[in-house]
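User: I'm new to this structure and would like a close look at one part of its core. Could you pick a residue there and then work outward to the rest of the chain?

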Amino acid sequence: MASEDKPNERMYHRTASVGDSLYVWAGYQAGLPGVHDNTKKRRITSNIQHLSPSTGQWIARDTTGTPPLGVRAYCCIAINDQLYYFGGWCGHDNCYHNSVSQLDTVSLQWRELEPTNATRPVMRRANGGMISFEHDGVHHLLMIGGTGSKPAVKLQDYKYIKLRNGNWSTNEHSMYNISSRKWSNPSVIGQCIPPSSFFVIESIENTKAVLFGGMEIDDDKKTPTSNIYILEISISTVSWQCIKKPKGMDQWPMRRYWHAGAIIMTGSDCPMLVISGGWDINNDILNDCWVFNITQHSWIKLDVPHSVSKRFAHSLSVFIMSPHCVCMITVGGGDYNGPVADPNIVMLNKLVFNRNGQWTVGDMSNEEYQQQLQTEKRIQVFMLSLEEKEKKLQDMERKEAEKEREIRRYCLQLQSKESEKQEALQEKDREHQVVLQKKDRELQEKDRQLQKKDRELQKKDRQLQEKDRE
Ligand SMILES: [Zn+2]
């Protein structure tokens with residue numbers, strides 16, 4: 001591993017994946033000034049760390065354009081090969097942002113789609129969540145909740161609570177159309193979160209997401225939660241369902257906030273949410289790792305080393321190696337001594353899902369990661385050729401079926417013509433017989449008349465003979 005390019009100690013960052021590359025930007029780092037804007041802040045935040053899939057190495061890369069100022073506890077997601085950043089905290093006073101920036105991972109150029117604007121009815125905030133969805137071919141960002149500056153407008157449908165330190169907490173839903181660059185606010189139905197921060201939210205389908213944990217605020221009472229929420233998203237509405245820990249259930253992670261999470265999507269299997277660490281209700285650092293089965297609503301605790309899970313304000317990312325094996329990457333975060341230090345800043349773990357529905361956890365060396373990637377690539381190539389062959393076969397089968405259908409159609413036409421012909425013949429036959437019967441009757445009638453005449457003639461003949469004899 002090129003150690004100079006590996007992410008240094010950092011917290012309050014987010015990671016995003018494009019293809020099988022992982023990107024890490026900003027967050028709290030030693031040396032990054034907690035100011036609104038200066039040359040040093042720009043220099044440090046114009047750099048992004050990238051885990052290169054072909055080499056398994058970290059590469060630090062320079063970006064061009066203007067990076068956003070909200071460098072801590074921002075939201076970040078990837079859409080195709082673009083990264084989108086929303087909000088964040090500058091690192092001084094209560095200076096929060098509501099900017100939207102885009103980083104092109106190919107050109108590594110920043111583009112500010114929306115500058116921070118204190119009068120926009122989108123609360124300037126950090127520590128919330130963001131997901132994206134596609135509607136009619138257009139991508140939208142949906143930002144939910146967070147803590148930040150006093151809102152310019154308190155929108156109906158959402159709650160805003162002022163905290164003792166002067167910050168505000170919200171459950172505001174802000175929707176941003178990336179194409180028209182217009183904001184909107186979906187209405188909320190169901191069991192929506194109260195004003196909340198420091199939770200984990202991840203997409204599980206285009207219009208479906210899962211949220212776990214976080215610090216919920218009700219009437220200035222802060223409560224870390226262990227609730228799961230399932231969200232159904234449309235362009236105008238977000239529908240919420242809350243799943244609470246069932247009574248007497250042990251297999252459920254403790255209430256927490258400032259934890260990290262990622263979605264495991266292994267294709268045919270149902271999606272799963274993996275979470276680790278965070279702060280508990282007593283502000284102690286948790287050191288566990290759990291997987292939530294989104295279909296069955298059940299949790300499994302993973303046997304992950306404390307060096308991996310005992311941290312908060314870190315990030316989790318998951319790469320699928322094969323349908324039953326994923327690579328979990330933990331980056332940064334803090335413990336009781338401050339930011340997690342080397343050699344534990346970046347931890348790679350292999351999670352294997354076995355036939356009994358259980359997970360086993362292993363360390364993953366860099367070599368192993370690369371080997372696994374190579375194997376995975378070979379499998380992918382093999383699967384692709386298999387898919388292609390299957391497609392060809394399906395094509396042939398389709399053509400054959402089409403031909404068979406044509407033949408059947410032709411046969412049916414023949415049959416119908418044949419039966420039409422038969423019917424016509426039968427009809428003619430019937431007509432013929434009627435005519436014949438009529439003629440027959442006429443002939444019989446004539447015959448009778450002839451016999452009658454014959455009898456008359458015989459009678460006349462007899463009379464004539466009698467007369468002759470007289
Ligand atoms: Zn500032």
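Analyst: Let's start with Phe-212. Leaving aside residues up to four places away in sequence, Phe-212 touches Phe-199, Val-200, Ile-228, Gly-261, Leu-273, Ile-275 and Phe-292. Keep in mind that this is a predicted model.

Now for the setting of Phe-212. The largest nonpolar core has 90 residues, and Phe-212 is listed with Phe-86, Leu-142, Leu-211 and Val-274 as having the most contacts inside it. As for which strand gives the most to this core, that is S30, residues 325-331, with five residues. As a general point, nonpolar side chains in soluble globular proteins tend to be buried together.

One of those core residues, Leu-142, leads us to a hairpin. Its number falls within strand S13, which covers residues 138-148 and runs antiparallel to strand S12, residues 129-135, with seven bridges joining the two. At one spot along this pair, His-135 stands opposite Val-138 in S13. The hairpin has two residues between its strands, and Asp-136 takes a positive phi there, near 55 degrees.

There's also an open sheet worth a look. It has four strands in the order S7-S8-S9-S10, with antiparallel pairing. Strand S7 (75-79) and strand S10 (110-114) each have a single partner strand, so they stand at the edges and one side of each is left without a neighbour in the sheet. On average, and ignoring direction, neighbouring strands of this sheet are turned by 25 degrees against each other. If you want to zoom in on one pairing, try strand S9 (residues 100-104) with S10: they pair in the antiparallel sense over four bridges. Here Val-100 stands opposite Glu-114 in S10.

Stepping back, how does all this sit in the whole chain? The secondary structure comes to three helices and 34 strands. The C-alpha atoms fill a box of roughly 165 × 55 × 55 Å along the principal axes. For the radius of gyration, the chain has 40 Å, while a compact globule of 470 residues would have one near 23 Å. Buried residues make up 36% of the 470 residues. Finally, take the contacts in the chain with a separation of 6 or more: residues 24 or more positions apart account for 53% of them.

Methods:
Residues numbered from 1 in each chain as written. Predicted model: local features only at pLDDT ≥ 70, side-chain atom pairs only at ≥ 80, totals over all residues. Core = buried A, V, L, I, M, F, W, Y, C linked by C-beta atoms within 7 Å. Buried ≥ 20, exposed ≤ 12 C-beta atoms within 10 Å, placed from the backbone. Contact = placed C-beta atoms within 7 Å. Rg over C-alpha atoms; globule rule 2.2 N^0.38 Å. Pairing = 2+ DSSP bridges. Axes fitted to C-alpha atoms, helices over the stretch in contact; angles between N-to-C directions.
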